[in-house]
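Here is a brief report on one protein chain. Look at the sequence and model first.

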Amino acid sequence: TGTAVNPLLRAAYLSRRAKAVNEKSAAVVKEFSHDANDNTTTVHYNTTQQWVTLFIPWLELVEDRIELYGSENKFDTMQEQESYIRDWLRKEANMA
C-alpha cells in the first residue's frame with residue numbers, strides 16, 4: 001500500500017473505534033452523589049468525546065492528481081476528491 005493509504009485506513013479505523021467509545025461512554029455514570037441535607041441526588045455522566053481528523057492535501061497540479069489517483073479520476077474540485085475518498089473507504093475498504 002502507498003503512503004497515503006496507510007494513514008487513511010488508520011484514521012478510518014480510529015474513527016470507527018472513537019464512535020464506539022463515544023456511544024459507550026455516553027451512558028456511563030462518572031459520578032453519583034446524594035446530599036442528605038437537602039435530599040438531592042446528583043449524577044454526572046462522562047461526556048468526553050473522542051474525535052479523529054485526517055487532513056488530506058489538495059494537489060494543485062492536475063498532473064499530480066492523475067499520478068496519484070489515476071487518469072480515470074481527474075478531480076476538478078476538492079469536493080470531488082473528498083467524495084472519491086469517502087466512496088473508496090465505503091466500497092473498497094469496507095469502512096462504512
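The text below covers the fold, the surface and the largest pocket.

The model is predicted, so to speak of local features requires pLDDT of at least 70 and side-chain atom pairs need pLDDT 80 or more, while totals for chains, interfaces and linings use all residues. Residues are numbered from 1 along each chain as its sequence is written, and side-chain values use heavy atoms, without hydrogens and water.

The element order from the N terminus is α-β-β-α-α. Helices are DSSP runs of H or I with at least four residues, and strands are E runs of at least two, numbered from the N terminus.

| Element | Residues |
|---|---|
| helix 1 | 5–25 |
| strand 2 | 40–45 |
| helix 2 | 62–69 |
| helix 3 | 78–91 |

Of the 96 residues, 16% are buried (under 20% relative accessible area, 1.4 Å probe, protein chains only). The chain exposes about 7,900 Å² (Shrake-Rupley, 1.4 Å probe). Carbon and sulfur atoms supply 52% of that area.

V52 sits in the loop between strand 2 and helix 2. V52 counts as partly exposed (between 20% and 50%) because its relative accessibility is 34%. With Y13 and L14, V52 forms a nonpolar surface patch of about 260 Å² accessible area together. Patch residues have over 30% relative accessible area and no salt bridge (Lys or Arg side-chain nitrogen within 4 Å of an Asp or Glu carboxyl oxygen), with nonpolar side chains joined within 5 Å.

The largest pocket has a volume of about 870 Å³, the space filled by probe spheres set on its grid points. A pocket is an open set of points on a 1 Å grid where a 1.4 Å probe fits, with protein on both sides within 12 Å along at least five of seven lines; lining residues have an atom within 4 Å of a point. There are 27 lining residues, and L8, L54, E82, R86 and L89 are the closest to the centre. Helix 1 and helix 3 each give two or more residues to the lining.

Notes
Patches are made of residues with over 30% relative accessible area and no salt bridge: like charges are joined within 9 Å, nonpolar side chains (Val, Leu, Ile, Met, Phe, Trp, Tyr) within 5 Å.
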